[in-house]
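Biologist: Please take a close look at the side-chain contacts in this model, the charged ones and the aromatic ones, and set them against the fold as a whole. I would like the cut-offs stated as you go.

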Amino acid sequence: MAGKVFFSVSMSLDGFIAPESSEDLMGQQWMELQQWIFPLRFFRENLKLGEGGEEGRDNDIARETFERTGASVMGKRMFDAGEKMWPEEAPFHTSVFVVTHEKRDPWERPGGTTFHFVDDGIETALDQAREAAGDRDVRIAGGGATILEYVNAGLVDEFSIALSPVLFGSGIRLFEGVDAARVALEPVRAEPSPRVTHLTYTVRER
């Protein structure tokens, strides 16, 4: 188990990572939150949107995040929203373990993404993801409730936030309900770019 468990999200200045309703996931607020990533060369390559795109530190960070990830874990809400929005060749290109109460056979997509549905808890999903990831890292892809479960269970080693200069006012807060009495953070890195500020922290037990 050489790899780390991490998450990496975009967050508004007032602490939100998504709108409350999944129907608004491609709405104006969400698009503004994610605006830093859309022009990037790596984003365009990964979603097969054509050649071109911006280079620079934002692009490097997006590529590094993808390359360190050997497997992902996500909640059922994120999967349900993504199943409708992702292209046929889903953008993970690894095994993805979906924490759910539903029994379902693995769903294999073109390009190396296979979704596995785990119905006996977050630790089982993480164990399976670690095995699939080998010596690479496991990314807790989301959504907010699933990330929080892993943080509160003491199972996250590190996280990065792309802090975006937008305000949501309401929605899904990243740390709503965090067990602050047992979670402590150590700053690792702060990197400003023209569009966002990238913040990285190590997580340890308080």
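The answer below begins with the basis of the values, moves through charged and aromatic contacts, and ends with the chain as a whole.

Modeller: This is a predicted model, in which local features need pLDDT of at least 70 and side-chain atom pairs count only at pLDDT 80 or more, whereas totals for chains, interfaces and linings use all residues. Residues are numbered from 1 along each chain as its sequence is written, and side-chain values use heavy atoms, with hydrogens and water left out.

I start with helix 4, which covers residues 76-85 and contains both Lys-76 and Asp-80, set 4 residues apart, or about one turn of the helix; helices here are DSSP runs of H or I with at least four residues, strands are runs of E with at least two, and both are numbered from the N terminus. The side chains of Lys-76 and Asp-80 form a salt bridge at 2.8 Å, N to O, the term being used for a side-chain nitrogen of Lys or Arg within 4 Å of a carboxyl oxygen of Asp or Glu. Lys-76 is partly exposed at 24% relative accessibility, and Asp-80 is likewise partly exposed at 31%, where buried means under 20% relative accessible area, exposed over 50%, and partly exposed in between, with a 1.4 Å probe and protein chains only.

Lys-76 also takes part in a salt bridge with Glu-102, whose closest N and O atoms are 3.4 Å apart. Because Glu-102 belongs to the loop between strand 4 (95-99) and strand 5 (107-108) while Lys-76 is in helix 4, this pair ties together parts that are 26 residues apart in sequence. Glu-102 is itself partly exposed, with a relative accessible area of 32%.

Helix 4 also contributes an aromatic contact. The count of aromatic pairs comes to 15, a pair being two rings of Phe, Tyr or Trp (its six-membered ring) with centres within 6.5 Å, called stacked when the planes are under 30 degrees apart, edge-to-face when over 60, and tilted for the rest. One of them is stacked, with Phe-7 and Phe-159 at 4.7 Å centre to centre and 0 degrees between the planes. This pair links Phe-7 in strand 1 (residues 5-12) to Phe-159 in strand 8 (residues 158-164), 152 residues apart; Phe-7 is buried at 0% relative accessible area, and Phe-159 is buried at 3%. Returning to helix 4, Phe-79 and Phe-117 form an edge-to-face pair, 5.2 Å centre to centre with 85 degrees between the planes. That contact links helix 4, through Phe-79, to strand 6 (residues 114-118), which holds Phe-117, across 38 residues. Phe-79 is buried at 0%, and Phe-117 is buried at 12%.

Both rings belong to one aromatic cluster, made up of Phe-79, Trp-86, Phe-92, Trp-107, Phe-115 and Phe-117. The charged end of Arg-104 sits over the ring of Trp-107, 5.5 Å from its centre; for this, NZ of Lys or CZ of Arg must be within 6 Å of the ring centre and within 35 degrees of the ring normal. Elsewhere, Arg-68 lies over the face of Phe-6, at 3.8 Å from the ring centre, and Arg-68 is also linked with Lys-4, Asp-137 and Glu-158 in a network of salt bridges.

The salt bridges number 15, and among them is the one between Arg-57 and Glu-191, at 2.7 Å, N to O. Since Arg-57 lies in helix 3 (residues 57-68) and Glu-191 in strand 10 (residues 183-192), this pair ties together parts that are 134 residues apart in sequence. Arg-57 is partly exposed at 32%, whereas Glu-191 counts as buried at 17%.

As for the whole, the chain has 6 helices and 11 strands, and 45% of its 206 residues are buried. Of the contacts between residues at least 6 apart in sequence, 63% join residues at least 24 apart, a contact meaning heavy atoms within 4.5 Å.
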